[in-house]
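Student: Got a minute to go through this one with me? I'd like to start with the aromatic residues.
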Amino acid sequence: HRDSMRSNPPAGFRLVAAAFLAAVSAPAYAAVGELPLAAPNPAFGALIPSGSIQAIAPADSSSASLSKVHYINGAVHLMNDEYALAAESFRESIRLDPKLEEAYYLLAATHYHAGDVDSGILTYRDLLRVNPFHVQALSDLGYLHHQAGRPGDALPLLLRLRTLDPESPW
C-alpha cells in the first residue's frame, strides 16, 4: 500500500503538504534551531525538511498553538518517514484541539504509509465525525475501501463525494 501511495497519493494529500509548508513559515511560530530544506520529494510534491529534525516552538502557550506545533512536528516526521513519531505528534495535536481537521487527516495518512489501512480508515471516520463534508477525507476513505477490496463500503462514500464535489475524478 505504501508504494502505491507514494506513486499516486490521494487527491488532497499534496494540498496538505503545501499547507504544511505555509504553516511552518507562519509568524505564529518561532523555530527552535533550523529546518534545512532538501530537494523536492515526489511523494509530497514540495520541498521537505531533511537532516536532523528540530522542534518548532509556539509563540504563545495556548492549546491551539501547542496543538498546531504538534501538528507541524508530526508533518515533519511524516515527511521523513518516521511514522511512529508522526502518529504520536498528530494524536497529541488532536488531544489538544479535537477540531483540528488537518491533524486527523495526516494521522490517517500516517497510518496508511505505515501499512495500517484499518487504522487509517478509522481515523478518516473520526475526521468525518468532526466535519462530515471533508471532501478529501471522503475521497481518501473511499479510495482505501476500494483498495482493500470493499467496494460496498467505498460506493456510498464516493456517491456522497460526487454530490459534494461533482468535479471529483471518482
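Tutor: Sure. This is a predicted model. Take Phe-90: its relative accessibility is 0%, so Phe-90 counts as buried.

Student: And Tyr-71, buried or exposed?
Tutor: Tyr-71 is buried, because its relative accessibility is 7% and the cut-off for buried is under 20%.

Student: How many aromatic pairs does the structure hold?
Tutor: There are 2 aromatic pairs. In one of them, the ring centres of Tyr-71 and Phe-90 are 6.1 Å apart and the planes meet at 50°, so this pair is tilted.

Student: Where in the chain do those two sit?
Tutor: Tyr-71 is in helix H3 and Phe-90 is in helix H4. They are 19 residues apart, and the pair links distant parts of the chain.

Student: What about Tyr-105 and Tyr-124?
Tutor: Tyr-105 and Tyr-124 make an edge-to-face pair, with 5.9 Å from centre to centre and 65° between the planes. Tyr-105 belongs to helix H5 and Tyr-124 to helix H6, so the pair ties together parts 19 residues apart in sequence. Both tyrosines are buried.

Student: OK, switching to the core. Which residues touch the most other members of the largest nonpolar core?
Tutor: That core has 32 residues, and Tyr-71, Leu-78, Phe-90, Leu-106, Tyr-124, Leu-141 and Leu-144 touch the most other members.

Student: Which elements give two or more residues to it?
Tutor: Helices H3 (63–79), H4 (83–96), H5 (101–113), H6 (117–130), H7 and H8 (151–164) do. H5 gives the most, with 8 residues.

Student: Is there some general background to that?
Tutor: In soluble globular proteins, nonpolar side chains tend to be buried together.

Student: You gave no range for H7. How many residues does H7 have, and how far does it reach?
Tutor: H7 covers residues 135–147, which is 13 residues. From first C-alpha to last it reaches 18 Å, close to the 18 Å expected at 1.5 Å a residue.

Student: Which residues in H7 are buried?
Tutor: Ala-137, Leu-138, Ser-139, Asp-140, Leu-141, Gly-142, Tyr-143, Leu-144 and His-145 are.

Student: What comes just after H7?
Tutor: Gly-149, which has a positive phi of about 75°.

Student: Last topic: what is the phi of Asp-81?
Tutor: Asp-81 has a positive phi of about 60°, although it is not a glycine. Asp-81 is placed in the loop between H3 and H4.

Student: How accessible is Asp-81?
Tutor: Its relative accessibility is 33%, so Asp-81 counts as partly exposed.

How values were computed
Residues are numbered from 1 along each chain as its sequence is written. This is a predicted model: local features need pLDDT of at least 70, side-chain atom pairs count only at pLDDT 80 or more; totals for chains, interfaces and linings use all residues. Side-chain values use heavy atoms; hydrogens and water are left out. Helices (H or I, at least four residues) and strands (E, at least two) are DSSP runs, numbered from the N terminus. The expected span of a helix is 1.5 Å times one less than its number of residues. Buried means under 20% relative accessible area, exposed over 50%, partly exposed in between (1.4 Å probe, protein chains only). A nonpolar core is a set of buried Ala, Val, Leu, Ile, Met, Phe, Trp, Tyr and Cys residues joined through side-chain atoms within 4.5 Å. Rings of Phe, Tyr and Trp (its six-membered ring) pair if their centres lie within 6.5 Å; planes under 30 degrees apart count as stacked, over 60 as edge-to-face and the rest as tilted.
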